[in-house]
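Welcome, and thanks for taking a look at this one with us. Here is a short briefing to read with the structure open beside you.

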Amino acid sequence: MNTSLNLNRREFLKVSALAGGGLLIGLYLPGRLEAAANPATAEFTPNAFLRVAPDNTVTVIVKHLEMGQGVYTGLPTIVADELDADWSQIRVESAPADAARYGNLAWGGTSQGTGGSTSVNNSWEQLRRAGATARAMLINAAAQNWKVNASTLRAENGFVIDAKNNRRTSYGELASLAATLPPPADVPLKSPKQWKYIGKHVPRTDSADKSSGKAVYASDVRLPGMLTALVARPPLFGARARSFNATAVKMMPGVKAVIAIPQGVAVVATDFWSAKQARDALQVEWDDSAAEKRSSDELLAQYRELARKPGAVAHRAGDVAYGLKDAAKKIEATFEFPYLAHAAMEPLSCVVRLGDNACEVWAGSQQQTLDQATAARIAGLKPEQVTIHTLLAGGSFGRHANPTADYVSEGVEVAKATRALNAPIRLLWTREDDMRGGYYRPLYVHTISAGLDKRGRPLAWQHRIVGQSILAGTMFGSGIKDGIDFTSVEGAANLPYTIPNMLVDLHTTQAGVPVLWWRSVGSTHTAFSTEVMINELAVAARQDPVAFRRALLKDHPRHRAVLDLAARKSGWDKPLPKGRWRGVAVHESFNSYVAEVAEISIADGKPKVERVVCAVDCGVAVNPDMVRAQMESGIIFGLSAALYGEITIKDGQVVQSNYHDYPILRINETPDIEVHIVPSKATPTGVGEPGVPPIAPAVANAVFAATGKPVRRLPIRI
């Protein structure tokens with residue numbers, strides 16, 4: 001889901017004075033300024049990001065979900081810098097669901113949500129202008145107070161300073177007056193040389209609460225009279241409940257209701273354990289007449305068969321048939337990728353309080369306006385009657401952002417079906433529930449045929465991809481054009497290497513297994529197949545893999561820059577100790593460029609990743625510490641999948657259930673990781689996902705160096 005964002009100048013208006021004399025700064029989307037200026041036609045709500053209170057605190061209202069990636073620090077950093085606030089003043093508040101004010105601009109501003117590594121990118125100019133506008137208004141307020149020209153004043157660390165007359169006043173003291181002043185039509189933004197926080201270390205705003213246990217997640221919410229619900233879902237995708245023993249289960253201790261909902265059978269009880277015991281006692285007869293019953297092996301066999309036939313063309317250049325025919329050396333490879341689970345540390349949960357004319361939802365909501373609309377539809381309310389309280393999420397990797405808003409949907413369904421109990425409902429999924437009844441990164445088969453000319457240069461490249469569409473049948477279906485779901489081919493159809501004859505095509509398959517974007521989406525498989533094949537070509541051409549790539553990236557300087565930096569920092573040109581091998585990969589995703597060098601050993605017939613050197617170009621690094629953390633996180637996440645990740649379907653049922661049979665990397669398995677950031681003046685781009693794609697091929701290429709055998713299937717097996 002690569003996106004580029006080039007925002008036009010935004011226009012700001014002061015919109016209202018808050019209770020207590022605070023100052024609220026709002027942003028209006030283009031074309032809405034005139035309506036906003038005229039109260040009679042002001043039919044939209046301002047997009048407010050910043051509140052200065054009389055107690056001198058500055059509250060930054062964050063429209064994105066904090067799921068560990070650091071938006072509660074990165075986005076306030078942007079505001080604080082342009083505002084000239086002191087970091088100790090900064091507070092963070094989650095924005096309510098409101099697409100008009102908080103829409104994700106990288107998605108066209110029509111929905112509010114977090115994903116595609118867009119949080120900083122789509123907020124960059126928006127928040128800079130919010131901070132700069134507030135600063136200008138506070139300076140103007142001080143100038144009016146002191147009856148001096150505003151140009152003689154400056155702002156610093158939360159104060160407006162009149163150096164000539166040796167006086168200063170805090171933002172809090174100016175808030176009430178500033179709220180009465182007209183906003184400036186335009187404000188200058190700081191130059192990079194003036195940045196105080198951007199590009200430097202800023203402590204996280206959420207670490208203390210997370211470390212002390214004060215941080216609140218949906219499962220921590222407690223409301224008076226609240227009941228807990230668990231849902232028995234069908235073992236086969238697409239099955240439906242036909243009958244169940246409600247009367248017997250309802251007699252169990254703590255149980256308040258046993259009801260059918262569209263997703264299965266819900267048990268509502270006073271607490272989790274009572275609900276769990278009751279759900280275990282449920283005997284449900286499932287109607288599986290329309291269910292998916294195939295196994296992974298059957299699907300793979302069908303996909304391999306499809307891969308022999310031409311698909312819908314995603315990219316074509318030159319004449320690939322001619323190029324392959326004329327090649328001096330040819331390599332053909334089939335790559336296979338399993339279904340993958342998101343396996344976030346925090347299981348899914350939400351709390352729903354449903355009244356006659358209102359509904360409140362507490363959740364780690366990744367798509368607030370989608371969740372709001374879904375809840376409203378089920379409850380029979382208007383979206384504006386649904387309040388989404390966005391809480392922290394303990395990881396997501398895309399799971400909280402599914403098109404059906406499944407866990408929120410279930411919570412509201414249960415609340416609606418148990419209205420007579422007059423109780424808020426806390427819906428919980430166990431990890432087993434999600435592992436066996438959730439959404440998955442699709443299973444894929446790729447085939448690549450590539451040829452080298454007599455001088456060892458790539459002459460032709462035919463890449464065929466077979467797998468389910470993530471976007472088909474969802475509200476994001478507009479992302480499918482001419483039969484191509486761009487998320488299936490991203491990273492392959494835009495391969496940066498200079499190859500004169502190229503063809504990339506796609507078979508979109510039909511299967512009943514629910515699929516969803518998974519951290520870094522299409523690049524999770526395309527980076528692997530392309531970077532492993534490029535490596536094989538380099539070896540076949542008897543060339544150094546880094547030098548081979550450099551020669552093919554002459555038109556892509558940002559790819560080359562990260563490749564060069566990673567190679568240099570890893571000591572690529574220096575010999576390794578005995579028993580160590582290296583592999584390299586470079587990939588662009590979400591408009592960020594990442595190269596990684598993995599250094600491995602082999603122990604007990606398995607690769608052990610000893611060291612990873614990563615270089616990233618993500619434009620301006622707003623908070624370098626968090627860029628490094630995101631790269632480290634992505635590498636660990638990607639390594640988990642590379643070494644262990646596999647969801648297996650047997651006769652339609654998911655085999656795995658929890659971390660014991662779907663492991664994630666443990667601390668003692670985590671390699672030394674170095675992250676190096678390419679200095680840049682470009683607009684910031686995403687870092688949440690781009691660290692993931694290069695690690696699996698880098699490790700696979702190191703295994704190839706160690707064993708002489710290419711790795712063409714994940715997870716890696718030697």
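This is a predicted model, so please read each item below as a computed feature of that prediction. A good place to begin is the pairing of strand β11 (residues 255-261) with β12, where 6 bridges join two strands that run antiparallel. From there the tour moves to salt bridges and then to the nonpolar cores.

**Strand β12 and its neighbours**

- Strand β12 covers residues 264-269, and 6 of its 6 residues are buried, so the strand is largely enclosed by the rest of the structure.
- With β11, strand β12 forms a hairpin that has 2 residues between the strands.
- To find your place in this pairing, look for Val-255, which stands opposite Ala-269 of β12.
- Strand β9 (residues 227-232) also pairs with β12, through 5 bridges and in an antiparallel arrangement.
- In that pairing, Thr-228 has Ala-269 of β12 as its bridge partner, and Ala-269 is also the residue opposite Val-255.

**A domain record for this part of the chain**

- An unreviewed UniProt entry lists residues 212-290 as "domain: Aldehyde oxidase/xanthine dehydrogenase a/b hammerhead".
- In the model, residues 212-290 are 20% helix and 35% strand, and the end C-alpha atoms of this span lie 48 Å apart.

**Salt bridges**

- Side chains of opposite charge can pair when their charged atoms come close.
- The count for this model comes to 42 salt bridges.
- One of them joins Arg-712 to Glu-536, with 2.6 Å between the closest N and O atoms.
- That pair links distant parts of the chain: Arg-712 sits in the segment after α19 (695-707) and Glu-536 in helix α15 (residues 523-540), 176 residues apart.
- Are the two partners buried or exposed? Arg-712 is partly exposed, with a relative accessible area of 25%, whereas Glu-536 counts as buried because its relative accessibility is 5%, and the cut-off for buried is under 20%.
- Arg-713 meets Glu-646 in a salt bridge, at 3.2 Å from N to O.
- This pair also links distant parts of the chain, with Arg-713 in the segment after α19 and Glu-646 in the loop between α18 and β28 (649-650), 67 residues apart.
- Arg-713 has a relative accessible area of 33%, so this residue is partly exposed.
- Within helix α18 (residues 624-643), Arg-628 and Asp-625 are 3 residues apart, about one turn of the helix, and their side chains meet in a salt bridge of 3.3 Å, N to O.
- Both ends of that bridge are partly exposed: Arg-628 has 32% relative accessibility and Asp-625 has 33%.
- A network of salt bridges links Arg-580, Glu-599, Lys-608, Glu-610, Arg-611 and Glu-674.

**Nonpolar cores**

- Which residues have the most contacts inside the largest nonpolar core? They are Trp-461, Phe-528 and Val-699, in a core of 75 residues.
- Leaving aside residues up to four places away in sequence, Phe-528 touches several others, among them Phe-335, Phe-337, Ala-696 and Pro-697.
- Further contacts of Phe-528 include Ala-700, Val-711 and Leu-714, as well as Arg-712, the arginine that forms a salt bridge with Glu-536.
- A second, separate core has 47 residues, including Tyr-102, Trp-124, Ile-139 and Ala-141.

Conventions: Residues are numbered from 1 along each chain as its sequence is written. This is a predicted model: local features need pLDDT of at least 70, side-chain atom pairs count only at pLDDT 80 or more; totals for chains, interfaces and linings use all residues. Side-chain values use heavy atoms; hydrogens and water are left out. Buried means under 20% relative accessible area, exposed over 50%, partly exposed in between (1.4 Å probe, protein chains only). Helices (H or I, at least four residues) and strands (E, at least two) are DSSP runs, numbered from the N terminus. Two strands pair if DSSP finds at least two bridges between them. A salt bridge is a side-chain nitrogen of Lys or Arg within 4 Å of a carboxyl oxygen of Asp or Glu. UniProt positions are given in the numbering used here, feature names are shortened, and annotations may be inferred rather than shown by experiment. A nonpolar core is a set of buried Ala, Val, Leu, Ile, Met, Phe, Trp, Tyr and Cys residues joined through side-chain atoms within 4.5 Å. Contact means heavy atoms within 4.5 Å.
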